[in-house]
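Welcome to this tour! Keep your viewer open and your selection tool handy, and we will go from stop to stop together.

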Amino acid sequence: MSHHNQPATEWADRHRRALTTRHTHEDVLTDREFELLLEACSTLTEPHDFEARFICLIAGRLGLQAGEIAHFQTAWVNWNRRTSRIPQHEPCRCGYCKRQARQEATHNDDLSVEDIVASRWHPKTVASARLIPFDLSLRLELCVECFANRYDAFPRSRSTINRRVQAAASAADLPGHVYPHCLRATAASYHAYKGVAPVPLQALMVWSDLATAQKYIRISGTATADALRRVHHR
Ligand SMILES: [Zn+2]
């Protein structure tokens with residue numbers, strides 16, 4: 001293969017991957033589906049109903065990852081600023097953190113499981129530490145307040161997060177596969193449709209690549225429509 005063909009081949013490969021890979025954004029819930037999911041949460045038995053609602057709202061509107069939800073602490077909330085921080089570290093020895101530590105230790109000869117457990121819990125990347133506003137809607141605000149009235153910390157395991165989402169999705173009779181990560185994509189899509197710019201969207205979702213934010217915004221079409229209307233409706 002000649003050197004000159006390289007860029008074309010790379011482009012073709014990337015294009016083929018883009019066409020064949022199943023992307024999370026294909027599993028994004030519409031506003032209607034998301035409302036049905038939230039309504040279905042209230043049909044679950046107590047306290048699963050509130051747990052499911054909390055998970056669906058902070059994943060589906062604020063984009064929190066399942067690991068972040070499982071380790072969510074009321075102490076992370078700043079009531080004056082109406083924000084919640086995702087810290088770089090929260091001491092934890094839950095079963096999930098221990099399992100993750102054991103797995104990490106098998107890939108790292110220099111660190112013992114105990115060393116790695118001591119570093120947990122931490123978000124996926126250092127960049128994931130962030131500040132998230134929760135006063136974007138009254139519903140969201142009340143949900144966080146309700147959580148704080150009930151709990152100091154999220155009361156369930158990491159694997160429970162998936163089960164609650166699945167229970168709500170099947171009660172809502174939603175088509176397709178609903179899982180925590182597609183709720184996160186739903187949050188990204190929701191903000192893109194509302195017209196949030198690429199940089200703040202990237203910051204909220206902690207994507208390493210600005211192109212991911214641009215992709216959600218392009219798919220939403222909102223930015224294009226707004227820009228065209230600004231020009232033509234003056
Ligand atoms: Zn943990």
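Which residues lie nearest the centre of the largest pocket, and how many line it? Before you look, keep in mind that this is a predicted model.

**Stop 1: the largest pocket**

Select Gln65, Gly67, Tyr96, Lys124 and Arg158: these lie nearest the centre of the largest pocket, which is lined by 21 residues. The volume of this pocket is about 370 Å³.

Now colour four helices: α4 (66–70), α5 (95–106), α8 (158–172) and α9 (180–194). Each of them supplies at least two residues of the lining of the largest pocket. The largest share comes from α5, with 4 residues.

Next, try colouring the lining by residue class. You should find 7 nonpolar, 8 polar and 6 charged residues around the largest pocket. If you colour by domain instead, select domain 1 (27–86 + 131–218) and domain 2 (89–122). The lining of the largest pocket draws at least three residues from each of these domains.

**Stop 2: the zinc ion**

Which four residues hold the zinc ion? Select His71, Cys92, Cys94 and Cys97 and show their side chains. His71 coordinates the zinc ion through NE2, while each of the three cysteines uses SG, at 2.1 to 2.3 Å. The site is tetrahedral, with angles of 101 to 119° among the 4 donor atoms.

Along the sequence, the donor residues follow the spacing H-x20-C-x1-C-x2-C. His71 sits in the loop between α4 and β1 and Cys97 sits in helix α5, so this pair ties together parts that are 26 residues apart in sequence.

**Stop 3: the sheet**

Switch to a cartoon view and find the strands. There are 3 strands in an open sheet, in the order β1-β2-β3, and their pairing is antiparallel. β1 and β3 are at the edges with a single partner strand each, so one side of each has no neighbour in the sheet. As a general rule, strands of a sheet pair through backbone hydrogen bonds.

Begin with β1 (residues 77–78) and β2 (residues 83–86), which are joined by 2 bridges. Select Asn78 in this pair of strands, and look for Thr83 of β2 opposite Asn78. β1 and β2 make a hairpin with 4 residues between them. In the turn, click on Arg82, which has a positive phi of about 55°.

Then move across to β3 (residues 130–133), which is joined to β2 by 4 bridges. Thr83 is worth a second click here: the bridge partner of Thr83 in β3 is Pro133.

**Stop 4: the second largest pocket**

Which residues lie nearest the centre of the second largest pocket? Select Val28, Leu29, Ser189, Tyr190 and Tyr193, which are among the 14 residues that line this pocket. Two elements, α9 and α11 (210–220), give two or more residues to the lining. α9 gives the most, with 5 residues.

About 230 Å³ of space lies in this second largest pocket. Colour its lining by class to see 6 nonpolar, 5 polar and 3 charged residues.

Definitions and conventions:
Residues numbered from 1 in each chain as written. Predicted model: local features only at pLDDT ≥ 70, side-chain atom pairs only at ≥ 80, totals over all residues. Heavy atoms only, no water. Pairing = 2+ DSSP bridges. 1 Å grid on protein atoms, 1.4 Å probe; cavity = no way out; pocket = protein on both sides within 12 Å on 5 of 7 lines; lining within 4 Å. Points joined across faces, edges and corners; volume = space filled by probe spheres on them. Nonpolar A, V, L, I, M, F, W, Y, C, P; charged D, E, K, R; others polar. Domains from an automatic or database assignment. Donors = N, O, S within 2.8 Å, 3.2 Å for Na, K, Ca; no water. Tetrahedral: all angles 85-135°; square planar, octahedral: opposite > 155°, others 65-115°.
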